[in-house]
Amino acid sequence: CLQEVISEESEEESNGVNLMEFSDEILLHILSYVPCTDLVLNVRRTCRKLATLCLDKSLTHTVLLQKDYKVNKDKVKQLMRDIGKEIYQLNMAGCYWLPSSTIDHVTRCKNLVKLNLSGCHVTSLRLSKMLSTLQHLRSLAIDVNPGFDASQLSSECKATLSHVLELKQTLYTPSYGVVPCCTSLEKLLLYFEILDRSREGFMLSGQLMVGESNVPHYQNLRIFYARLAPGYVNQEVVRLYLAVLSDRTPENLHAFLISAPGSFAETGATKNLLDSMARNVRLDALQLPKAWINGSGLLQHLKFNNPFYFSFSRCTLSGGHLIQRVINGGKDLKSLTSLNLSGCVHCLAPESLFRKAEDDIDSSILESLVVSCCNLRHLNLSAAHHHSSESIGNHLCQLLSRLKHLLSLALPVCSITDVAASVEKPPTTPNVVPQTFGRKVRIGIQTYPRNLGDQANQKIESSVFWALMGSLRFLETLEIIGSSFSSAMPRNEPAIRNSLPPCIRAQSVGDSEVAAISQLTYLQSLTLAQLPNILTGSGLINIGLQCQHLRTLSLANLGMMGKVVYMPALMDMLKHCKCLRDLRLEQPYFCAGAQFFQALSHCSSLQRLCIVSRSGTLQSDAVMSFMANCLEVIMCHMFMGESLTVCKNLQQSIVRSFQAERPALNVVIFPLLHEDLTEVIRDVPMRHLDEITLFKSRVAEEPPNLWW
């Protein structure tokens with residue numbers, strides 16, 4: 001775009017405007033939005049002034065290639081040759097398409113202080129050669145893949161690692177990786193992605209290989225973070241990492257976070273570790289497996305300094321304990337900016353012993369939380385039934401509207417409904433659509449208006465959710481997810497064939513609530529899942545018109561399960577989403593045909609598309625035409641009801657036609673219910689799998705700014 005502006009300089013001069021007459025400060029600010037590869041390899045060749053500005057230290061100090069999907073090996077080579085010595089921070093995370101030999105060119109960046117190679121193909125020998133030349137390196141992110149051998153690291157490489165203060169390591173095989181070499185570590189982030197079975201079907205062991213038993217050095221550790229994918233091997237390996245911590249807890253430890261799905265039992269070693277932490281450290285961030293918190297008095301003994309992040313996801317922590325042991329009467333909680341209570345079903349109730357999950361919440365607990373944590377920016381209350389009582393002024397939405405600093409919010413569908421509306425519209429009303437996959441039932445569909453003005457006449461502005469959306473004008477991320485929703489897309493198991501019915505309180509949530517979201521002018525990411533009363537999807541059109549900054553959209557199981565009733569509205573919406581980059585759709589019987597892809601072609605910025613549909617169909621010609629028209633698309637994942645032959649032929653056609661022009665292209669088209677789906681999933685690049693293909697709540701999933 002900048003080159004086009006410059007090429008039209010003569011026309012601008014005739015109008016009295018010349019881009020080159022702007023001050024250097026303004027031009028540098030404009031250039032900061034241009035990818036570094038374009039600046040160095042293209043823009044600086046347009047004129048002398050830009051040739052100088054494009055090499056300014058403010059533009060070359062930090063080079064971000066992590067989502068520059070057009071970069072290739074030759075561009076990286078030329079970039080490193082031209083400005084390698086000027087680069088101090090280099091982020092190549094998720095550049096899975098670059099060959100491993102590309103890493104060799106990083107050796108030109110002699111002054112590197114920060115380097116992120118997560119998702120890149122790096123062997124232990126290449127890593128050794130590269131790190132041997134980067135003596136100033138202090139922050140490193142790498143993957144540890146099968147075949148990694150720490151004995152191949154040279155003494156020069158180990159000398160560099162001994163000065164590294166921050167390490168992020170993603171493990172695909174049982175190993176300590178380079179952790180034992182990093183004797184000065186202050187921040188350690190571990191991502192365990194080890195599968196329980198090999199491709200040949202053999203069970204893997206969590207025991208470390210011979211030569212991998214070097215002891216990690218944690219004496220200077222300030223931040224410890226571990227995120228585990230499902231599987232017992234990941235649990236076995238993380239225990240080995242924790243064993244050293246249990247012997248001697250670092251005195252400066254202020255953030256201890258372990259994210260583990262399912263059951264992760266507490267052992268004697270982990271109990272000793274937690275007891276030591278309670279005696280010796282004051283924490284600012286905490287996340288523990290649910291089994292380590294449930295039924296224990298741990299929170300009563302832990303001490304906190306100025307906490308900024310808490311996650312009690314899936315814990316049975318009651319609201320009474322939350323107020324007494326964590327919030328501590330509101331003392332020192334103004335510093336808390338991120339709170340994850342996802343799946344914490346009793347967190348807004350005084351006690352959990354005799355309470356049912358569907359009982360009304362205690363509004364006084366939520367009010368105490370809101371008053372005490374008034375600076376919250378990220379709040380996750382999803383995956384639970386948070387039903388408000390009929391008390392006036394005490395609805396969950398009314399209390400949350402006081403959190404004026406919120407940037408991201410995740411709520412269950414049943415929490416946003418007006419109590420009066422749920423009473424007036426019981427689940428037996430004819431307007432409610434059956435939530436089954438069975439034979440289609442012909443029902444009368446109420447006619448809903450297509451524009452916001454008409455909906456205003458229906459008094460939707462008086463709803464508590466409408467008022468909440470109006471009070472959170474700067475919200476950037478919103479998730480409204482059914483409390484019983486589960487995605488059909490698997491992680492390490494077969495696809496889920498049946499879903500649980502929505503909560504009774506959620507039956508009245510539909511088009512008008514979706515329309516209320518259109519008040520969020522600065523919304524960038526939206527997730528809607530299991531909204532049963534979507535009849536036309538008219539609210540989606542309002543969002544497309546008003547939320548012009550929307551970049552990520554995820555829709556799942558909206559309205560009738562046997563028919564995609566919101567398809568016309570979705571197609572109208574997509575015509576206005578010029579900034580949309582990621583689109584994920586999960587809906588049974590979804591028809592990905594010519595009309596849908598024609599509408600989707602209006603999303604000129606779209607980069608990633610994922611469709612998950614049991615019994616869904618697609619038109620191969622329409623997909624090919626879409627890929628030809630949308631030049632920015634580099635990821636196309638479709639898990640439908642088509643035959644394996646149809647899926648394979650389409651996938652091969654896309655790769656054959658577009659791979660050469662789009663080096664980062666990743667295409668997976670496969671039957672959703674096929675027995676080999678898990679084998680296909682394991683080959684998807686982690687960046688796509690974690691960010692879009694797998695459905696999950698992402699609000700407050702990790703502490704803010706955990707890694708650069």
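Let me begin with a term: a residue counts as buried under 20% relative accessible area, as exposed over 50%, and as partly exposed in between. Gly297 has a relative accessible area of 31%, so Gly297 is partly exposed. Please keep in mind throughout that the structure shown above is a predicted model.

Gly297 sits in the loop that links helix 12 (290-293) to helix 13 (298-301). Its C-alpha atom is 9.8 Å from that of His321, a residue 24 places away in sequence.

I turn now to the interior. In soluble globular proteins, nonpolar side chains tend to be buried together. The largest nonpolar core here has 201 residues, and the members that touch the most others are Phe224, Phe256, Leu400 and Phe596. Helix 10 (residues 232-247) supplies the largest share of this core, with seven residues. There is also a second, separate core of 14 residues, and among them are Ala141, Tyr225, Ala255 and Ala700.

Which residues does Phe256 contact, once neighbours within four places in sequence are set aside? The list includes Phe224, together with Leu242 and Leu245. It continues with Leu273, Leu274, Met277, Leu283, Ala285, Leu286, Gln287 and Leu288.

Two helices deserve a closer look. In helix 8 (residues 124-131), Ser124, Leu127, Ser128, Met130 and Leu131 are buried. These residues span an arc of only 170 degrees around the axis, and therefore lie on the same side of helix 8. Leu125 and Lys129, on the other side of helix 8, are exposed. The cover over the buried residues of helix 8 includes strand 3 (114-116), strand 4 (139-144) and helix 9 (155-161).

The second is helix 15 (residues 363-372), where the buried residues are Ser363, Ile365, Leu366, Leu369, Val370 and Ser372. Against what do the buried residues of helix 15 pack? Their partners are helix 14 (319-327), strand 11 (338-340) and helix 16 (396-400).

Next, I would like to consider two individual residues with polar contacts. Is Arg584 buried or exposed? Its relative accessibility is 3%, so Arg584 counts as buried. Arg584 belongs to strand 17 (residues 582-586). A polar atom of the Arg584 side chain lies 3.1 Å from the backbone oxygen of Thr693. Apart from neighbours within four places in sequence, the residues in contact with Arg584 include Ser487, Met489, Leu553, Ser554 and Leu555. Cys610, Val612, Ile692, Thr693, Leu694 and Phe695 are also in contact with Arg584. The C-alpha atoms of Arg584 and Leu609 are 6.0 Å apart, although 25 residues separate the two along the chain.

The other residue is Thr417, in the loop between strand 13 (408-412) and helix 17 (419-424). Thr417 is buried, because its relative accessible area is 2%. The side chain of Thr417 makes a polar contact of 2.9 Å with the side chain of Ser508.

Finally, I come to a pocket. The second largest pocket holds about 1200 Å³ of space. Its lining consists of 38 residues, of which Pro261, Arg314, Phe695, Lys696 and Ser697 are the closest to its centre. Strand 7 (223-228) and helix 27 (686-693) are the elements that contribute two or more residues to the lining of this pocket. One of the residues closest to the centre, Phe695, was named earlier as a contact of Arg584.

Definitions and conventions: Residues numbered from 1 in each chain as written. Predicted model: local features only at pLDDT ≥ 70, side-chain atom pairs only at ≥ 80, totals over all residues. Heavy atoms only, no water. Core = buried A, V, L, I, M, F, W, Y, C linked by side-chain atoms within 4.5 Å. Buried < 20%, exposed > 50% of the residue type's maximum accessible area, 1.4 Å probe, protein only. Helix = DSSP H or I, 4+ residues; strand = E, 2+ residues; numbered from the N terminus. Contact = heavy atoms within 4.5 Å. Polar contact = N/O pair within 3.5 Å; in protein donor to acceptor, adjacent residues only side chain to side chain. Arc of directions from axis to C-beta. 1 Å grid on protein atoms, 1.4 Å probe; cavity = no way out; pocket = protein on both sides within 12 Å on 5 of 7 lines; lining within 4 Å. Points joined across faces, edges and corners; volume = space filled by probe spheres on them.
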